[in-house]
Amino acid sequence: MTLSTLDTFRKQYTPKLPTALRLGLAHTAWSEGEKAEPKKDRDTIRSAFPNTYGLPILKLQNRSETTPAAKPLRVGVVLSGGQAPGGHNVIAGLFDGLRSLHAESKLFGFTGGPSGLEKAKYEELTPDIIDAYRNTGGFDIIGSGRTKLESTEQFDRCIETIKSLNLDGIVVIGGDDSNTNAAVLAEYFRAKGLATSVVGVPKTIDGDLKNEYIETSFGFDTAVKTYSELIGNIARDARSARKYWHFIKLMGRSASHITLEAALRTQTNAALISEEVEAKKLSLNDIATSLADIVSERAAVGKNYGVVLVPEGLIEFVPSMKSLIAELNDMLAHHEAEFSSLVGDTKTAWVSAKLSSGSAGTFNDLPDNIRLQLLMDRDPHGNVQVSRIETEALLAELVERKLHDRADFSGSFSTQRHFFGYEGRAAAPSNFDADYCFGLGYTAAALINGNKTGYICYIRNLSKGVDAWEAGGLPITMLMNMEQRHGKPKPVIEKALVELSGPAFTEFAANRNDWRVEDAFQYPGPIQYFGPSEVCDGVTRTLELEGR
């Protein structure tokens with residue numbers, strides 16, 4: 001494989017580890033904290049996870065004496081879901097952590113995601129393979145997948161794979177749904193008397209897998225810095241050409257963390273935060289009116305250009321649209337065969353007739369292309385695939401209509417639409433993500449060495465520098481709640497939304513009025529890997545603000 005100049009030099013980067021891990025895992029021990037429970041739905045979740053519920057929070061500590069592994073550890077690793085920068089370093093940290101315990105420990109990568117575990121498709125990850133992928137983006141070392149492991153038949157096939165390889169542990173690297181899967185596997189294995197540990201690692205560029213211990217999911221830092229570079233470039237172009245309004249949709253179906261962080265980093269003229277839209281019960285008409293106001297204000301001072309950030313999942317947070325989508329999801333889940341038999345315009349007519357009067361009105365008021373996008377194939381959880389809905393185009397069209405109806409608007413309004421998604425998912429990890437992910441991999445190895453199961457790794461105090469980082473494990477059931485999936489309640493990890501009372505949104509809200517008319521754009525530029533620590537090792541603005 002031919003390496004770029006950057007890849008060649010990135011191979012030489014040595015990730016920084018939290019203090020407790022620097023002497024190797026043979027010098028570590030676990031201390032137990034309080035037993036952890038979810039914030040709600042406790043009885044239901046307890047009954048679903050009787051063998052792994054109520055476990056203690058764990059913290060990794062350094063100790064002077066050495067306790068190496070009594071035998072080589074055999075561990076499997078799965079990359080699950082969408083890519084996130086730093087995944088390769090999680091695997092590298094896991095590999096190095098296992099080898100620090102016993103030089104003959106082995107790591108097996110299940111190829112193609114969870115299906116690789118179910119179908120026994122794997123390869124042994126040797127030092128040469130690991131070294132080729134250190135500090136690189138993507139999940140191409142073993143590939144990823146979105147297969148859901150839900151049936152007892154699937155679980156039993158996983159057990160067959162584990163027994164054939166004599167595995168001490170499985171590490172699932174994924175987001176909220178993937179780690180929910182890890183919790184279900186851990187529970188099933190214990191119920192069947194299998195000693196193999198199942199450990200999760202928090203991955204998602206959306207940033208919605210977080211709490212007081214998991215301060216950010218890995219990949220968020222790199223992805224949002226990548227998007228912010230692009231947004232800054234567009235803002236510079238807008239200010240130069242002075243003739244376009246750019247509507248930019250950003251990843252983040254269930255939460256607006258990416259949009260909020262990008263807004264803080266680039267200071268665009270407008271940024272919509274889904275959680276605020278829902279809290280204020282704003283309609284599409286309200287949103288379009290507020291954006292038209294900004295366009296008018298800027299036009300009045302000769303600025304017929306600007307930048308608007310739109311979170312991918314915005315449409316689901318508009319109350320009327322949220323109700324509509326919930327009805328659609330349930331309707332299509334329960335009438336899948338009947339709906340699939342329809343063709344052309346009969347689909348929209350059939351749907352409109354079955355909706356409640358309020359949702360039918362909302363549905364019928366939408367442009368034809370948006371209505372069709374709402375009826376596309378569902379995702380694996382039975383929900384509308386919001387990434388296919390061109391929300392940025394819808395808002396641009398609605399704003400244009402508003403301006404057309406304003407007699408006092410004498411400016412011009414030409415738009416460009418963008419969607420930044422895949423551009424950030426497999427980027428070369430920032431120094432922060434390279435360090436953070438390597439430490440998470442080490443922590444996963446420590447959990448398996450301690451025969452801990454049903455845990456997700458955490459490293460916290462992230463804004464205070466690596467010397468202050470604290471590593472540990474959280475019971476996955478602590479993060480759960482009950483949600484509707486395919487029309488039925490299921491225990492899943494609760495997504496962490498933007499807190500409107502939190503420091504990041506508070507900072508944004510305090511400054512956005514200054515950014516709407518003034519050209520206060522910031523231009524972050526590309527991620528830097530070499531140079532002063534202030535330039536190369538900085539954390540996100542969100543972590544800075546939350547860590548104060």
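# Exercises on a predicted model: cores, sheets and helix packing

Ile 91 touches Val 77, Leu 79, Leu 107, Leu 125, Ile 130, Ile 141, Ile 142 and Ile 173, leaving aside residues up to four places away in sequence. The model is predicted.

## Exercise 1. The cores

Find the residues with the most contacts inside the largest nonpolar core, and state how many residues that core has.

Solution.
- Step 1. The largest nonpolar core has 118 residues.
- Step 2. Ile 91 and Phe 218 have the most contacts inside it.
- Step 3. Helix H19 (residues 431-449) gives the most to this core, namely eleven residues.
- Step 4. A second core is separate and has 46 residues. Among them are Leu 284, Leu 328, Val 386 and Phe 413.

As background, nonpolar side chains in soluble globular proteins tend to be buried together.

## Exercise 2. The sheet of nine strands

Give the strand order of the nine-strand sheet, then name its edge strands.

Solution.
- Step 1. The order is E1-E2-E13-E12-E7-E6-E3-E4-E5. The sheet is open and its pairing is mixed.
- Step 2. Strand E1 (28-35) and strand E5 (122-124) are the edge strands, and each pairs on one side only.
- Step 3. From one strand to the next, the twist averages 25°.
- Step 4. Take one pair. Strand E12 (residues 455-460) and strand E13 (residues 470-475) are antiparallel, with six bridges. Cys 457 stands opposite Gly 473 in E13.
- Step 5. Add the helices. H7 packs on the sheet and touches strand E6 (169-174), strand E7 (197-202) and E12. The direction of H7 makes about 170° with that of E7.
- Step 6. H19 also packs on this sheet, touching E1, strand E2 (56-62), strand E3 (74-79), E6, E7, E12 and E13. The direction of H19 makes about 135° with that of E12.

## Exercise 3. The sheet of four strands

Work out which strands of the four-strand sheet have a single partner strand.

Solution.
- Step 1. Write the order: E9-E10-E8-E11, an open sheet with parallel pairing.
- Step 2. Strand E9 (270-271) and strand E11 (415-420) stand at the edges with a single partner strand each, so one side of each has no neighbour in the sheet.
- Step 3. Strand E8 (residues 245-250) pairs with E11 in the parallel sense over six bridges. His 246 stands opposite Gln 416 in E11.
- Step 4. Helix H9 (residues 257-266) lies across E8, E9 and strand E10 (306-311). H9 runs at about 155° to E10.

## Exercise 4. H6 against H7

Describe how helix H6 packs with helix H7, by angle and by axis distance.

Solution.
- Step 1. H6 (residues 152-165) and H7 (residues 176-191) pack at about 75°, and their axes are 11 Å apart.
- Step 2. Angles of 65 to 115 degrees count as roughly perpendicular, so H6 is roughly perpendicular to H7.
- Step 3. H6 brings Thr 152, Phe 155, Asp 156, Cys 158, Ile 159 and Ile 162 to the contact. H7 brings Val 184, Leu 185, Tyr 188 and Phe 189.
- Step 4. Sorted by class, the contact has eight nonpolar, one polar and one charged residues.

## Exercise 5. H12 against H14

Describe the packing of H12 with H14, then list what covers the buried residues of H14.

Solution.
- Step 1. H12 (residues 319-334) and H14 (residues 346-354) pack at about 110°, with axes 11 Å apart. H12 is therefore roughly perpendicular to H14.
- Step 2. Leu 328, Met 331 and Leu 332 in H12 meet Trp 350, Val 351 and Lys 354 in H14.
- Step 3. This contact has five nonpolar, no polar and one charged residues.
- Step 4. Thr 348, Trp 350, Val 351 and Ser 352 of H14 are buried.
- Step 5. The cover over the buried residues of H14 includes H12, helix H13 (336-340), helix H15 (357-365) and helix H16 (368-374).

Conventions
Residues numbered from 1 in each chain as written. Predicted model: local features only at pLDDT ≥ 70, side-chain atom pairs only at ≥ 80, totals over all residues. Heavy atoms only, no water. Axes fitted to C-alpha atoms, helices over the stretch in contact; angles between N-to-C directions. Helix = DSSP H or I, 4+ residues; strand = E, 2+ residues; numbered from the N terminus. Parallel < 35°, antiparallel > 145°, perpendicular 65-115°, else oblique. Contact = heavy atoms within 4.5 Å. Nonpolar A, V, L, I, M, F, W, Y, C, P; charged D, E, K, R; others polar. Core = buried A, V, L, I, M, F, W, Y, C linked by side-chain atoms within 4.5 Å. Buried < 20%, exposed > 50% of the residue type's maximum accessible area, 1.4 Å probe, protein only. Pairing = 2+ DSSP bridges.
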